[in-house]
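The report below moves from the overall fold of a single protein chain to two of its polar side chains. Please keep the sequence and the model at hand while reading.

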Amino acid sequence: MEAEIVRHHKVIERWLTGAAAPEEFARFADAHAPGFTLITPDGRTLSRDQVLAEVEPLYGNAPGLTVEIRHVRFVASEGALLVATYQEVQPDGIRQSTVVFQGAKWLHLHEVWLP
């Protein structure tokens with residue numbers, strides 16, 4: 001799943017920089033389970049539909065953006081559920097994230113800013 005975490009963030013990077021082909025957004029959307037939730041670094045809880053509605057219009061809004069994934073660690077797995085943590089490094093800071101996968105789909109993501 002480490003490759004999926006990196007792949008997913010590279011899609012986000014390409015989308016935000018404007019380098020992605022339009023069909024990549026559909027692949028980004030499909031990676032999220034129907035019940036996906038995101039807890040943002042500022043504490044908001046967003047549904048899958050809210051995340052997609054926020055990300056889609058941001059196409060090309062961050063030229064030069066880079067996203068690096070570091071320190072992926074698998075925390076637990078049970079059946080189809082897998083929990084992992086990782087750091088997401090962007091020019092404006094570093095986020096510590098915990099993700100729950102259901103099969104190959106993103107089910108839940110919780111992000112916090114690191115000092």
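What follows describes the chain as a whole and then turns to glutamine 90 and glutamate 111.

The coordinates come from a predicted model, and every value given here is computed from that model. The protein chain has three helices and six strands, and these elements follow one another along the sequence in the pattern α-α-β-β-α-β-β-β-β. The radius of gyration of the protein chain is 13 Å, close to the 13 Å that the globule rule gives for 115 residues, so the chain is as compact as a globular protein of that length. Along its principal axes, the C-alpha trace of the protein chain spans about 40 × 30 × 25 Å.

Of the 115 residues of the protein chain, 39% count as buried. Among the contacts in the protein chain with a separation of 6 or more, 44% are accounted for by residues 24 or more positions apart. The accessible surface of the protein chain comes to about 6200 Å², and 58% of this surface belongs to carbon and sulfur atoms. The protein chain carries 10 positive and 15 negative charges, and the mean positions of the two sets are 2 Å apart.

Two residues can now be considered in their surroundings, with their relative accessible areas set out first.

| Residue | Strand | Relative accessible area |
|---|---|---|
| Glutamine 90 | β4 (residues 81–90) | 16% |
| Glutamate 111 | β6 (residues 105–113) | 6% |

Glutamine 90 lies in strand β4 and counts as buried because its relative accessible area of 16% falls under the 20% cut-off. The side chain of glutamine 90 makes a polar contact of 2.4 Å with the side chain of glutamate 88. When residues up to four places away in sequence are not counted, glutamine 90 touches Leu65, Thr66, Val67 and Arg95.

Glutamate 111 belongs to strand β6 and is likewise buried, since its relative accessibility of 6% is under 20%. Which side chain is joined to that of glutamate 111 by a polar contact of 2.9 Å? The partner is arginine 95, a residue that glutamine 90 also touches. Leaving aside neighbours within four places in sequence, glutamate 111 is in contact with Leu38, Ile39, Thr40, Pro41, Glu88, Arg95, Gln96 and Ser97. Glu88 in this list is the residue whose side chain makes the polar contact with glutamine 90, and Arg95 appears among the contacts of glutamine 90 as well as those of glutamate 111.

Terms used. Residues are numbered from 1 along each chain as its sequence is written. This is a predicted model: local features need pLDDT of at least 70, side-chain atom pairs count only at pLDDT 80 or more; totals for chains, interfaces and linings use all residues. Side-chain values use heavy atoms; hydrogens and water are left out. Helices (H or I, at least four residues) and strands (E, at least two) are DSSP runs, numbered from the N terminus. The radius of gyration is taken over C-alpha atoms; the globule rule is 2.2 Å times the number of residues to the power 0.38. Buried means under 20% relative accessible area, exposed over 50%, partly exposed in between (1.4 Å probe, protein chains only). Contact means heavy atoms within 4.5 Å. Accessible areas come from the Shrake-Rupley method with a 1.4 Å probe; for residues, only the protein chains shown count as cover. Lys and Arg count as positive and Asp and Glu as negative; His and the chain ends are not counted. The place of a charge is taken as NZ of Lys, CZ of Arg, CG of Asp or CD of Glu. A polar contact is a pair of N or O atoms within 3.5 Å; within protein, one must be able to donate a hydrogen and the other to accept it, and residues adjacent in sequence count only if both atoms are side-chain atoms.
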